[in-house]
Amino acid sequence: MLTDTLRAGAHGKVFKILFWIIILSFVFAGVGNYLIPRLDTSPAKVGDYSIREVDWNEHYQQRVRMLMQNLGPRASQYLEDKQFVEQLRMQVLESLIDGVALNNAAHEAGIRIGDDEVRSEIRRLPYFQKDGKFDNDLYLTRVRNLGASPESFAEQLRVELLGRAVMDPLTRLSALTLPSEVENLAALLTQTRTLDIYEVKTDLLKPQITVDDAEVRSCYQSHPANFTKPALASFNYVLLSVDELKSRVKVDDEQIENYYNQHQDEFQLPEQRALSHLLIKTGDNMAERVARVEERLKAGEDFSLLCREMSDDRATAVEGGSMGVKSRAELADNLGAALFALKQKGEVSAPLADESGTHFIRLDEIIAAHVPPLSEVKDQARERYIASEARRLFAELAATLTDVSYENPDSLDPAAKALELPVRDAGAVRYEDHSLPWPVGEHAVQQEAFKESVRTSGQNSSVVNLGDDAAVVLNVYKYEPEKLQPFEEVESAARELAFNEKLAARARELLEEQQKKLTADPDAALPEQLEKHAAVLVRRDGSAAETPLGPQTVLAAFALSTDTPGASRVIEAGSAPLLLVLKAVGHDDRPEMAQIGSSLPAQLVPLKLERARQDLYDISRSLSKVDYNREAIALSIEHSSAP
């Protein structure tokens, strides 16, 4: 039988060789992926749910885009820092774990967010609306710009809605501020400290301090950074910028009119409203004064006359409360909402209370959204046309700059000639010296200049884009590496540093000796090398009755224990140490501090909300087992940090 023959041959050498040839052919063909165990790339597992690496990467890239939008070119400084990238990566992962844990807890509790709710929320978001209506094309475009797919965005939104459904009721309750909390915090913020402050009379101490040659040499060796000459790169560069190209744009009235007609949306003014404002500031009799204003308004008294008589906003009171014409964006949120809720000219809002006091708003005029005639915005249209043409020209010349500088790598002259731009000399530049004029002081330019491939080759750099409005190509003609200066050249500086260190150490010893004496005897005698500033009043804001104090000293003063009579501490304050001795705890009774409690609830609420959210996440995590895949996390972070 054939099967018997095969079974017998399976034990032969020829069969075994053929078997491994077949297996290897599978491996090289890619089928080996199914036979060889693959690394689990999921960074974490929450309960039964594995967070996918692709989701982690997507959320990380979204965070990076947000960082770049907020910081612009400066974002690259952070993203080149491996430690920062690792921290950002882990923050994103922890946020995902929080969301999944909360989702699991909500699911176990029977809470669901349906597809209809997600779709309705998407349609309500102003970000996806055009002319007040949901625009599907705009939605798809903006979701793609966020680096997401419609499906993944919808799932993110579902998790967010679920979080709101669970969190909002609980966090609202947790964010309530109790009167006792406000009172206790106000008492802490208005607390004062009275100190005896001891400092060393350095003029008397200096003659006692000497340093020998060995100490100077030791100081030089232990502080190499103080005596190291930084690396310097000297380079030429060609700068292409939109601002400089504006002078090349030729413009006439016909072009301005065409631009105005084709870009009506750029000139449209939003709805504006003229308003008058009456303010009753927070104070002991605020409620009584507000009630009086309301009574007089109900009696039909003129709002402008009331403003002149009663408003604490003196800048507008003399004008009858008039604040002129404002758009909603120009006003504080609460005032803007109140003004644009009014329907008729002359209508006055209900009282609006905030940390400043109580406001009354009168609607004086409604100016509908409109496009002003060209005659009113001609100068603006001219500037926008010139800027638009300069940007178009910039895009064309940027490509030329890239091509010509690459085709002629040894010199910037051909690129400068092709673009009719000068070759400029940056001079000798120290890395991270951002005090230099733009664009030489820009991090991106210096980073390119100090790249080994640029500073050692004599070749033109790649094009460095400075935002959307400028680009630079540079060529390093001289590089001086960082080097420790010879001891002989910096001996005097090393001697001065050694002397100052020894002086500060001896000053601290004297203060610590006095601290011990005062602990044993509060009336201990004062050595002649020390000076005492008695009964110095210290407030939270750093102001003092006699002696101005730095923030470090103020923090140290309020860190002294009030439970220990005569609590003391020696601190480093600038170039010389100080001894602080607590004498009394008091209360800041300045008039401006009396109302501090009224603003605290508004400041406490967001802090308590954030704490409540984190507590809810922590509880959710405790209900699900969280497993970290350390190997996958390390690999992913390594790839993110790779140059």
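1. A quick word on terms before we start: a strand here is a DSSP run of E with at least two residues, and strands are numbered from the N terminus. With that in hand, Tyr628 can be placed in strand S19, residues 626–628. Please keep in mind throughout that this is a predicted model.

2. Let me stay with Tyr628 for a moment. Is Tyr628 buried or exposed? The answer lies in between: its relative accessibility is 27%, and because buried means under 20% and exposed means over 50%, Tyr628 counts as partly exposed. Leaving out neighbours within four places in sequence, Tyr628 is in contact with Pro43, Ala44, Leu93, Glu94, Ile97, Arg621 and Ile633. Lys45 is worth a look too: Tyr628 and Lys45 are 583 residues apart in sequence, yet their C-alpha atoms are 6.6 Å apart in space.

3. Now for the whole chain. The protein has 643 residues, of which 35% count as buried, and it contains 27 helices and 19 strands. It exposes about 38400 Å², with 52% of that supplied by carbon and sulfur atoms. Among contacts with a separation of 6 or more, 71% are between residues 24 or more positions apart. The pair Tyr628 and Lys45, 583 residues apart in sequence, is a nice one to display on screen.

4. Asp40 is another residue to click on. It sits in the loop between helix H3 (32–35) and strand S1 (44–46). With a relative accessible area of 46%, Asp40 is partly exposed. Setting aside residues up to four places away in sequence, Asp40 touches Asn629 and Ala632. Glu53 is 13 residues from Asp40 in sequence, and the C-alpha to C-alpha distance between the two is 9.4 Å.

5. Helix H26 (residues 596–622) packs against helix H10 (residues 179–189), and this pair deserves its own view. Their axes are 10 Å apart and the packing angle is about 110°. H10 and H26 are therefore roughly perpendicular to each other, and their crossing is right-handed. On the H10 side the contact is made by Glu181, Val182, Leu185, Ala186 and Leu189, and on the H26 side by Ile596, Gly597, Leu600, Pro601, Leu604 and Lys608. By class, these residues divide into 8 nonpolar, 1 polar and 2 charged.

6. H26 has a second partner to look at, helix H6 (residues 82–108). Here the angle is about 70° and the axes are 8 Å apart. H6 and H26 are therefore roughly perpendicular to each other, and H6 passes H26 in a left-handed crossing. From H6 come Glu94, Ile97, Asp98, Gly99, Ala101, Leu102 and Ala105, which meet Gln614, Leu616, Tyr617, Ser620 and Arg621 of H26. The classes at this contact are 6 nonpolar, 3 polar and 3 charged residues. You may recognise some names: Glu94, Ile97 and Arg621 are also among the residues in contact with Tyr628.

7. How do helix H12 (residues 213–222) and helix H24 (residues 487–520) cross? Their axes come within 8 Å and cross at roughly 100°, which makes H12 roughly perpendicular to H24. H12 contributes Asp213, Glu215, Val216, Arg217, Cys219 and Tyr220 to the contact, while the H24 residues include Phe487, Glu488, Val490, Glu491 and Ala494. By class, this contact has 8 nonpolar, no polar and 8 charged residues.

8. Helix H19 (residues 333–341) has Leu335, Gly336, Ala338, Leu339 and Phe340 as its buried residues. Which elements cover the buried residues of H19? The cover includes strands S8 (272–281), S9 (322–327), S10 (352–354) and S11 (357–367).

9. Finally, some backbone details to inspect. Trp438 and Pro439 are joined by a cis peptide bond, with omega about 5°. Pro439 lies in the loop between strand S12 (424–430) and helix H22 (443–449), and Glu432 lies in the loop between S12 and H22 as well. Glu432 has a phi near 70°, a positive value in a residue other than glycine, and its relative accessible area of 34% makes it partly exposed. Ala535, in strand S16 (residues 530–538), also has a positive phi, near 50°.

Key: Residues numbered from 1 in each chain as written. Predicted model: local features only at pLDDT ≥ 70, side-chain atom pairs only at ≥ 80, totals over all residues. Heavy atoms only, no water. Axes fitted to C-alpha atoms, helices over the stretch in contact; angles between N-to-C directions. Helix = DSSP H or I, 4+ residues; strand = E, 2+ residues; numbered from the N terminus. Parallel < 35°, antiparallel > 145°, perpendicular 65-115°, else oblique. Left-handed = near helix turned anticlockwise from the far one by under 90°. Contact = heavy atoms within 4.5 Å. Nonpolar A, V, L, I, M, F, W, Y, C, P; charged D, E, K, R; others polar. Buried < 20%, exposed > 50% of the residue type's maximum accessible area, 1.4 Å probe, protein only. Areas by Shrake-Rupley, 256 points an atom, 1.4 Å probe, with all protein chains shown as cover.
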